[in-house]
Amino acid sequence: MELLFREDPYLTSAKARVVSAGPEGVRCDRTLFYPEGGGQPGDSGRLLLPAGPVLAVVDTRQGEAPDEVIHILAEGSKLPEPDMEIEMELDWDRRYSHMRVHTSLHLLCSLVEGEVTGGQIRDGKGRLDFNLVQSPDKVWLEAELNRLVQEDHPVQPRWIEDAELAARPELVRTMSVKPPSGQGRVRLLEILGVDLQPCGGTHVRSTGEIGRIEVGKIENKGRQNRRINLRLA
């Protein structure tokens, strides 16, 4: 399956051909819908059939095979026929909010020295859990995050060979989600001059697109677990 979101996360519509459709969802030969993973929710949107019906995509999930994406339809939806050409439309405002939050969490990673033990992205907000004994200063953290936003650092993906990643374990910050390996290469997300780590999610082109970030609660979730909540102002 061709993953259009991987090459262009700003793509909001595209044509595709149905491969199969059933109660579990719709599979196509290509998709612009990001499937749930790495703490980022699956995309929602619409599938437009040639005869006119519009099918609501309420969620998008990963299939069992590598790069397999399943589009979950609203209950009671008519299923498209295999080999049918359809038009995909993304709920762009929701996706773009996820992109801005996701990139802000990478900025957070660059400022907090601790392994990431969990995380979550939602519309307009997100959080990361860190393996830390002491919480960072909230005022300092918010100021530094917004400094990195205002500096407008370019954000871009690049790829690394499995062997090179194995030789550079410091690139892997997340303990709860290991980067996929065994396919020859792994996708990295680089914020130039700021952060570099494996990530398959969707991101903005530069940190300036994030806008102002507010640091919410910094919670104590255990002896060495600090949860830092962010939201878009």
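Q: What makes both faces of strand E3 count as covered?
A: In this predicted model, look at the residues on each side of E3, residues 25–28. Gly25 and Arg27 lie on one side, Val26 and Cys28 on the other, and all are buried. Buried means under 20% relative accessible area, so with buried residues on both sides, both faces are covered.

Q: Why are strands E2 and E3 called paired?
A: Two strands pair if there are at least two bridges between them. Strand E2 (residues 13–22) and E3 are joined by 4 bridges, so they meet that rule. They run antiparallel, and a hairpin of 2 residues links them. You can find one bridge yourself: Ala21 has Val26 in E3 as its partner.

Q: How do you know that E14 and E15 pair?
A: Use the cut-off of at least two bridges again. Strand E14 (residues 213–222) and strand E15 (residues 225–232) have 7 bridges in the antiparallel sense, so they qualify as a pair. Here, too, a hairpin makes the join, through 2 residues. Asn220 is found opposite Arg226 in E15.

Q: What makes E9 and E14 the edge strands of their sheet?
A: The open sheet has 4 strands in the order E9-E10-E15-E14, with antiparallel pairing. E9 and E14 each pair on one side only, which is what puts them at the edges. From one strand to the next, the twist averages 15°. Within the sheet, E10 and E15 share 7 bridges, and Leu128 is partnered by Ile228 in E15.

Q: Why is a group of residues here called a nonpolar core?
A: The name asks for buried nonpolar residues joined through side-chain atoms within 4.5 Å. The largest such set has 29 residues; Leu108, Phe130, Leu141, Leu145, Ile228 and Leu230 touch the most other members. Among the elements that each supply at least two residues are helix H2 (92–111), helix H3 (138–150), E14 and E15. H2 gives the largest share, 7 residues. Apart from this core lies another, of 16 residues, including Ala16, Val57, Leu73 and Met88.

Q: How do you know that Leu230 is in contact with Leu108?
A: Contact means heavy atoms within 4.5 Å. Leaving aside neighbours within four places in sequence, Leu230 has Leu108 among its contacts, along with residues including Ser104, Leu105, Leu145 and Val215.

Q: At what angle does H3 run to E14?
A: H3 lies across E14 and E15, and its direction is at about 135° to E14.

Key: Residues are numbered from 1 along each chain as its sequence is written. This is a predicted model: local features need pLDDT of at least 70, side-chain atom pairs count only at pLDDT 80 or more; totals for chains, interfaces and linings use all residues. Side-chain values use heavy atoms; hydrogens and water are left out. Buried means under 20% relative accessible area, exposed over 50%, partly exposed in between (1.4 Å probe, protein chains only). Axes are lines fitted to C-alpha atoms, for helices over the stretch in contact, and angles run from 0 to 180 degrees between N-to-C directions.
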